Amino acid sequence: MLKNDPLEQWDRDTFLHPSTHWADFARGKAVHRIISSGEGSHIVDREGKRLLDAFAGLYCVNVGYGRTEIADAIAAQAKELAYYHSYVGHGTEASVTLAKMILDRAPDHMSRVYFGLGGSDANETNIKLIWYMNNILGRPEKKKIISRWRGYHGSGLMSGSLTGLAAFHNAFDLPLVPILHTEAPYYYRRPDVSMSEEAFSAYCASELEKMILKEGPETIAAFWGEPVLGTGGIVPPPKGYWAAIQEVLNKYDILLVADEVVTGFGRLGSMFGSEHYGMKPDIITIAKGLTSAYAPLSGSIVSKKVWAALEQGTDEMGPIGHGWTYSAHPIGAAAGVANLKLVDDLGLLENAATVGAHLRKAMSDAIGDHPNVGDIRGEGMLCAVELVSDRETRAGWDDQKPAVTAVARLLADGVIGRAMPHSDTIGFAPPLCLTKAEAEEVAEKTAKAIKGTFGS
Ligand code: PLP
């Protein structure tokens with residue numbers, strides 16, 4: 001550990017960090033932290049402080065830190081062949097093997113996978129494939145896309161437009177025109193408290209149908225959704241939501257894109273959120289859990305129906321005019337192969353289901369009746385604690401963010417949670433290998449942090 005070196009100054013003088021208050025950071029007013037190492041569910045910062053990472057980085061280090069099986073696979077690939085492109089039919093053993101492994105795990109009606117680098121570019125790819133498909137099918141007017149308020153689908157121009165969070169639009173001239181947003185399936189914030197979960201699901205589906213009819217069904221190409229809303233507050237869907245939405249989409253011949261960047265490969269205790277909720281997507285977006293973030297890699301898994309149009313398209317128009325230099329990068333692919341094997345070998349789907357349920361139960365036991373805890377929710381290895389100023393009215397605060405204070409207290413106590421950016425919610429998405437004892441530590445320290453924030 002070097003304390004007298006200029007690293008902090010270099011950081012503040014040179015580095016534009018994502019989702020950071022750039023002015024405060026440059027002036028030395030916002031937090032600067034260098035992370036040095038990690039093992040299992042813990043990371044260690046440069047000051048030597050060991051932290052239980054109950055957000056798995058950005059809900060991505062699913063197998064946990066320090067897995068030598070993946071590190072060795074990456075090293076072996078880098079030594080043998082660090083790069084070759086995947087254009088015009090090229091590939092590597094790792095990329096072809098990974099495509100097969102993904103399809104073996106994906107729902108039966110899926111057919112092919114296109115590889116990208118991250119979730120945002122995968123969603124850009126998906127929009128292009130859907131527009132291409134509708135042009136090939138002779139319906140060029142069917143191009144608009146509906147996503148949900150509170151949805152998160154990335155930070156690119158189109159993926160940032162799909163995202164339904166104001167901070168990703170303001171001053172960026174987003175959303176772009178062909179993207180529309182409908183009601184979020186946020187049961188705790190339903191418009192009428194007397195609504196049952198099923199009634200609220202029917203309401204969300206009817207709001208979607210109204211939007212489709214207003215715009216004209218012949219203009220709507222696709223509907224985008226995360227099986228469980230992630231960055232928008234970690235919100236599982238109310239009962240019957242996906243069945244009700246799917247019915248509307250089928251009625252108007254609208255494609256469903258399941259953005260499984262967070263939920264893919266085990267986070268919900270199932271291989272995919274689509275199977276978990278009985279969704280039948282036409283495209284599935286994957287990233288994070290594909291490599292557990294040991295190397296950047298994403299993918300778009302297309303269904304047999306989409307593949308049929310793409311096959312027809314290239315027959316009519318020649319090779320597809322879409323590609324990234326780093327599509328199917330061999331190092332990402334090698335990490336993906338080793339990672340998916342580990343997910344199986346370690347039984348992480350089962351662990352996510354059982355320890356995730358244990359975490360939510362421990363959280364409810366510890367703070368379920370606290371006057372400022374409005375809702376404790378989640379699914380699989382996801383948990384959210386929503387803070388309110390009044391449990392009866394579910395009112396929040398206009399100008400303060402107690403979740404930010406509570407998360408800072410939690411961090412000081414050695415646990416990383418996340419103040420979700422658009423509500424007073426503390427989010428947890430630990431590595432899928434979290435132990436029951438670690439889950440209990442997260443709950444106990446969260447309770448302490450919340451009680452400290454509110455004075456009791
Ligand atoms: N989709 C979802 C559901 C996400 O949660 C994220 C990132 O958190 C993305 C897309 C964007 O992925 P990336 O940050 O890798 O571009």
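Me: What does helix α5 span, and how many residues does it have?
Reply: Helix α5 covers residues 93-105, so 13 residues, and it reaches 18 Å from its first C-alpha to its last, close to the 18 Å expected at 1.5 Å a residue. That expected span is 1.5 Å times one less than the number of residues in the helix. Helices (H or I, at least four residues) and strands (E, at least two) are DSSP runs, numbered from the N terminus.

Me: Where do the numbers come from?
Reply: This is a predicted model, where local features need pLDDT of at least 70, side-chain atom pairs count only at pLDDT 80 or more, and totals for chains, interfaces and linings use all residues. Residues are numbered from 1 along each chain as its sequence is written.

Me: OK, back to α5. Which of its residues are buried?
Reply: Ala94, Ser95, Leu98, Ala99 and Ile102. They sit on the same side of α5, because they cover an arc of only 135 degrees around the axis. The arc is that of the directions from the helix axis to the C-beta atoms. Buried means 20 or more other C-beta atoms within 10 Å of a residue's own, exposed means 12 or fewer, and partly exposed is in between, with C-beta atoms placed from the backbone.

Me: And what's on the face turned away from that side?
Reply: The exposed residues Lys100 and Asp104.

Me: What do the buried ones pack against?
Reply: The buried residues of α5 pack against α4 (68-81), β4 (110-116), β10 (298-303) and α12 (330-345). Contact here means C-beta atoms, placed from the backbone, within 7 Å.

Me: Switching to the ligand. Which residues come nearest?
Reply: Gly118, Gly119, Ser120, Gly154 and Val261, out of 14 around the ligand. A residue is near if its C-beta atom, placed from the backbone, lies within 6 Å.

Me: What classes make up that shell?
Reply: Five nonpolar, seven polar and two charged residues. Ala, Val, Leu, Ile, Met, Phe, Trp, Tyr, Cys and Pro count as nonpolar, Asp, Glu, Lys and Arg as charged, and the others, Gly among them, as polar.

Me: Any odd backbone spots? Where is the cis peptide bond?
Reply: From Leu174 to Pro175, with omega near 0 degrees. Pro175 lies in the loop between α7 (157-162) and β6 (179-182). Most residues other than glycine have a negative phi, and most peptide bonds are trans. Arg150 has a positive phi of about 80 degrees although it is not a glycine, and Ser292 has one of about 50 degrees, also without being a glycine.

Me: Are those two buried or exposed?
Reply: Arg150 is buried, with 24 other C-beta atoms within 10 Å. Ser292 is buried too, with 30. Arg150 is in the loop between β5 (144-148) and α7, while Ser292 is in the loop between β9 (283-286) and β10.

Me: What about Trp242, what does it touch?
Reply: Leaving aside neighbours within four places in sequence, Trp242 is in contact with Pro237, Tyr277, Gly278 and Met279. Trp242 is found in helix α9 (residues 241-251) and counts as buried, with 25 C-beta neighbours inside 10 Å. Trp242 and Gly278 are 36 residues apart in sequence and 7.4 Å apart in space, C-alpha to C-alpha.

Me: Last one: how many helices and strands does the chain have?
Reply: 15 helices and 15 strands. Of the 456 residues, 48% count as buried.

Methods
Two residues are in contact if their C-beta atoms, placed from the backbone, lie within 7 Å.
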